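I sat down with this one to look up a few things and keep notes as I went. Here is my notebook, in the order I opened the pages.

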Amino acid sequence: IPEPHNEHDPNAIMVQIDGITVGYVPKDLCNSVKHLLKAKAIKGVTAQIYGGDYKYIDYEGDLVKHSDTLNIKLHIIL
């Protein structure tokens with residue numbers, strides 16, 4: 001979703017999944033994505049969410065907690 005009134009960057013493009021803001025398109029890709037949006041060339045978008053906090057049971061039966069950077073990878077379908 002383009003955000004022309006974004007106080008930090010008028011070229012910002014917000015990314016939402018099911019109405020929840022999950023981040024922004026990287027600044028260096030905004031112009032390309034804006035052109036695709038304006039041309040209505042985007043047929044779909046898929047998202048892969050990975051990382052974050054998780055836990056598992058190791059081979060010795062101990063609970064192990066781990067934290068990793070949360071990331072979202074978008075794939076634009078033209």
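**Core**

Which residues make up the largest nonpolar core? I found five: I13, V15, V25, C30 and V33. I kept in mind that this is a predicted model. In soluble globular proteins, nonpolar side chains tend to be buried together.

I then picked I13 out of that core and listed its contacts, leaving aside neighbours within four places in sequence. I13 is in contact with V25, C30 and V33, three names I had just written down as core members. The list for I13 also includes I1, P2, G23, Y24 and K34.

**Pocket**

Next I went looking for open space. Rolling a probe the size of a water molecule over the atoms shows where empty space is left. The largest pocket came out at a volume of about 460 Å³. Strand 1 (14-17), strand 2 (20-24), helix 1 (30-38), strand 3 (44-57) and strand 4 (63-77) are the elements that each give two or more residues to its lining.

I noted 21 lining residues for the largest pocket, with M14, V15, V25, V45 and L74 nearest its centre. V15 and V25 caught my eye, since both also belong to the largest nonpolar core. Which element gives the most to this lining? It is strand 1, with four residues.

I sorted the lining by class as well: 19 residues are nonpolar, two are polar and none is charged.

**Aromatic rings**

A pair of aromatic rings is described by the distance of the centres and the angle of the planes. My count came to one aromatic pair. Y54 and Y56 form that pair, with 6.4 Å from centre to centre and 25 degrees between the planes. Why do I call the pair stacked? The planes are 25 degrees apart, and planes under 30 degrees apart count as stacked.

Are these two tyrosines buried, partly exposed or exposed? Y54 has 40% relative accessibility and counts as partly exposed. Y56 is partly exposed too, at 41%.

**Two residues I followed up**

L36 sits in helix 1. Its relative accessible area is 24%, so I entered L36 as partly exposed. Beyond residues up to four places away in sequence, L36 touches A41, I42 and L78. I also took the distance from L36 to Y56: they are 20 residues apart along the chain, and their C-alpha atoms are separated by 41 Å.

T21 is in strand 2. With a relative accessible area of 39%, T21 is partly exposed. Setting aside residues up to four places away in sequence, T21 touches M14, V15 and Q16. For T21 and K73, 52 residues apart along the chain, the C-alpha atoms are separated by 14 Å.

**Backbone angles**

Last, I checked for positive phi outside glycine. D18 has a phi of about 50 degrees although it is not a glycine. D18 lies in the loop between strand 1 and strand 2. Why is D18 entered as exposed? Its relative accessibility is 79%, and exposed means over 50%.

K40 went on the same page, with phi near 55 degrees, a positive value in a residue other than glycine. Where is K40 placed? I found K40 in the loop between helix 1 and strand 3. At 70% relative accessibility, K40 counts as exposed.

Methods. Residues numbered from 1 in each chain as written. Predicted model: local features only at pLDDT ≥ 70, side-chain atom pairs only at ≥ 80, totals over all residues. Heavy atoms only, no water. Phe/Tyr/Trp six-rings, centres within 6.5 Å; stacked < 30°, edge-to-face > 60°. Buried < 20%, exposed > 50% of the residue type's maximum accessible area, 1.4 Å probe, protein only. Core = buried A, V, L, I, M, F, W, Y, C linked by side-chain atoms within 4.5 Å. Contact = heavy atoms within 4.5 Å. 1 Å grid on protein atoms, 1.4 Å probe; cavity = no way out; pocket = protein on both sides within 12 Å on 5 of 7 lines; lining within 4 Å. Points joined across faces, edges and corners; volume = space filled by probe spheres on them. Nonpolar A, V, L, I, M, F, W, Y, C, P; charged D, E, K, R; others polar.
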